[in-house]
Amino acid sequence: MLRANGDGSVIQPTVDGTQYTILREALVDGFDASPIQVANAGDARQSGAAYPDLIGISGTDTIGYFLTYYPSTAPAEFQQVTTLTTKTPAGGDDWKNWTIATAQTSTGTAMFLWNRGTGALHLWTGLSVDIDNAQLTYTPYTLKSSDWNKGATLTLRAAEMNNDGVPDLWTVGAGGVSTAWLVSNLTGSAGTISAGTNRTILTANHAWHFTDAVEGQIVTTPAKDAVGSLTATGSGAASWNSGDLFEPDVLLDGVNSTLTTAAPAVTTNGSFSISVWVKPNAAGGTLLSQDGTNTAGFKLWADAGDSSWRFAMSRSDVASPVWDTVSSGAGTARMGVWTELTVTFKPAVGNLSNMYLYVNGRNVASAAHTTTWNAGSRFRFGSVKTGASSVGSYFKGQLSLVQAWDSVVINPTPAGHDLTGDGKPDIVTADSSGGLFLRPNTGHTGMSTFGTPVKIGAGWSSWRWDIVDWTQDGLADVMGVDSDGLLWAYPNLNGAPTSTLRSQIGTGWNAYTHAAGNANKDPRPDHFGIKNSTGELFYYPNGCCKVQVKTSGWSNSRIYPVDFDKDGLDDLISIDTAGDMWFHPNTGQAGLAMFGARKQIGTGWGSYRVAIADIDANGLPDAVAVDTSGNAWVYPGQATINWGPRYQVASGWSTTAVKVIG
């Protein structure tokens with residue numbers, strides 16, 4: 001049993017006090033049988049114990065197999081092992097044929113049960129054990145009565161993945177293929193389980209664990225590449241260090257300490273990923289880089305000016321190149337704290353982000369790097385090449401567990417309103433001349449929320465348009481109604497709408513206000529349309545088949561489909577002609593019952609130019625509003641279906657520069 005330290009960092013089994021051995025005698029049942037499976041039961045006894053119990057399957061072919069409970073009394077210690085009277089989900093005693101996996105949720109322990117032979121999959125929630133009576137109570141749900149991965153060889157793990165309070169499952173099968181399975185719609189005795197995208201578990205091409213020695217100079221004992229053959233040799237005062245979270249690790253003095261390999265670890269004009277655990281003892285200094293002839297192809301460092309983590313890639317192999325740089329933001333590089341940093345790069349063109357910086361697994365910064373070259377020389381730890389024969393920017397602190405891949409191993413989570421592919425919702429504006437501009441979301445706050453505008457279109461002055469991922473490729477597209485009332489979809493190509501691939505998807509929209517979103521469980525986008533002459537509101541599920549959902553009262557309102565109450569269905573936010581803002585909850589029902597009672601969430605919005613998107617990426621929609629003075633504000637959405645205190649994100653957005661926002 002491995003004990004974590006609670007801060008989210010990697011478990012270190014070699015550190016004293018981290019690893020516990022559970023003796024066989026602690027887990028044998030009343031028949032002297034050992035478990036063939038165990039899983040975390042949490043505190044299913046409701047005893048208030050500090051250490052989690054186990055639940056498992058034990059027995060032999062002679063005596064049969066049982067569901068068994070293992071109460072914990074201390075780390076790696078269990079007493080009063082109890083054979084439960086519980087039957088399998090099928091009502092039998094053939095527990096040998098079932099695989100279990102558990103997760104801890106806000107309502108207690110949940111357990112998945114899978115029969116490989118039949119493909120039956122069940123979920124039991126709210127496990128509660130009565131040790132004295134050997135009874136287990138629970139709430140059962142049938143997810144699949146048969147044929148779920150029937151006959152497959154799978155490893156099951158459970159967790160609450162998507163913050164909806166419902167336990168989910170993931171499987172690892174042949175070839176390291178991992179699949180996330182999301183559970184939903186737990187009603188009555190049934191539920192729904194849906195597969196995510198299959199992903200392959202990728203092994204690093206190079207990995208330096210830095211466990212080669214516990215003390216002494218690295219120049220004497222080099223650091224081996226645990227996967228490849230790139231041994232890292234030390235110079236200066238680089239030394240082995242013990243007694244910290246990662247034991248041992250590499251200690252660098254910030255003066256002349258560095259490690260280098262004889263050959264490159266990645267190809268800097270191809271796809272790559274690099275990760276490192278770092279503990280800086282002083283601001284400044286380069287953690288990792290890779291040499292060209294006159295400069296580095298990339299560098300990762302802690303900036304001394306604002307204590308931020310920064311990742312940069314150079315555009316050419318000259319002594320003073322132009323760098324494309326991303327930053328985690330001021331004050332995020334904390335001294336004396338272990339932090340996991342990951343950087344990725346994938347060649348791309350146009351406005352698409354393709355270089356990313358992750359801090360402790362969180363996507364914090366991205367940018368486009370399109371002018372590439374391959375730095376084909378040494379991989380460096382703790383310094384960077386600054387000229388043809390010079391090295392500098394020495395790092396002061398500790399490094400551990402550096403890994404390098406020749407592929408992108410982590411990708412941003414897709415987000416609505418994201419044109420650049422970095423997982424952050426962007427804003428699009430049109431000026432008075434009809435120029436269309438991308439204002440990329442930087443991931444920062446305040447006046448740094450949006451980056452430099454990039455022109456992505458012209459001739460839009462007579463168009464009405466909105467933003468949605470119509471093509472379902474993870475990139476937001478532009479939907480436009482022209483002066484003839486034709487509705488067009490302009491697919492996103494390299495971060496901009498493209499007319500060469502546009503498709504006509506509707507007619508007669510000159511009499512309607514149009515908006516697109518996703519108001520049902522089908523992944524395909526939907527339309528909403530207000531017939532302004534009558535005030536009727538219509539819904540077009542999956543882009544088809546007009547349905548009336550309101551009979552009047554909507555004339556010339558502005559509408560924004562967005563899931564404000566987080567139930568997986570887009571609601572509507574509207575601004576009426578009086579400037580009042582309303583929230584209309586989606587009930588999931590059809591026709592005139594589609595929207596419930598509206599709630600007023602604002603007044604005085606008539607003069608504001610407004611877009612709705614999750615700018616701060618917290619899962620709730622925000623309002624981006626431009627006032628008559630050209631100041632742009634973000635009103636952060638709150639779980640109470642209201643807006644929090646606004647903060648300014650831009651100025652100078654006059655009606656000349658920003659006539660329309662979306």
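**View 1. S58 and F66 on neighbouring strands.** In this predicted model, S58 is placed opposite F66, a residue of β3. The two strands shown are β2, covering residues 53–60, and β3, covering residues 64–70. Seven bridges connect β2 with β3, and the two run antiparallel.

**View 2. The open sheet that holds β2 and β3.** The sheet is made of four strands, ordered β1-β2-β3-β6, with antiparallel pairing. Its edges are β1 (35–42) and β6 (82–83). Each edge strand has a single partner, so one of its sides has no neighbour in the sheet. Strands of a sheet pair through backbone hydrogen bonds, in either a parallel or an antiparallel manner.

**View 3. The largest nonpolar core.** This core has 43 residues. The members that touch the most others are F210, L259, L288, F311 and F381. Strand β21 (residues 272–280) supplies the largest share of the core, with four residues. Apart from this core there is a second, separate one of 20 residues, with A41, M111, W124 and L136 among them.

**View 4. The surroundings of L288.** Neighbours within four places in sequence are not considered here. Beyond them, L288 contacts I274 and V276, the run F298, K299 and L300, the run F379, R380 and F381, and also V402. One of these partners, F381, is listed with L288 among the core residues that touch the most other members.

**View 5. Domains along the chain.** Three domains are assigned: domain 1 spans 24–194, domain 2 spans 206–405 and domain 3 spans 427–650. Between the C-alpha centres of domain 1 and domain 2 the distance is 43 Å.

Methods: Residues numbered from 1 in each chain as written. Predicted model: local features only at pLDDT ≥ 70, side-chain atom pairs only at ≥ 80, totals over all residues. Heavy atoms only, no water. Core = buried A, V, L, I, M, F, W, Y, C linked by side-chain atoms within 4.5 Å. Buried < 20%, exposed > 50% of the residue type's maximum accessible area, 1.4 Å probe, protein only. Contact = heavy atoms within 4.5 Å. Domains from an automatic or database assignment. Pairing = 2+ DSSP bridges.
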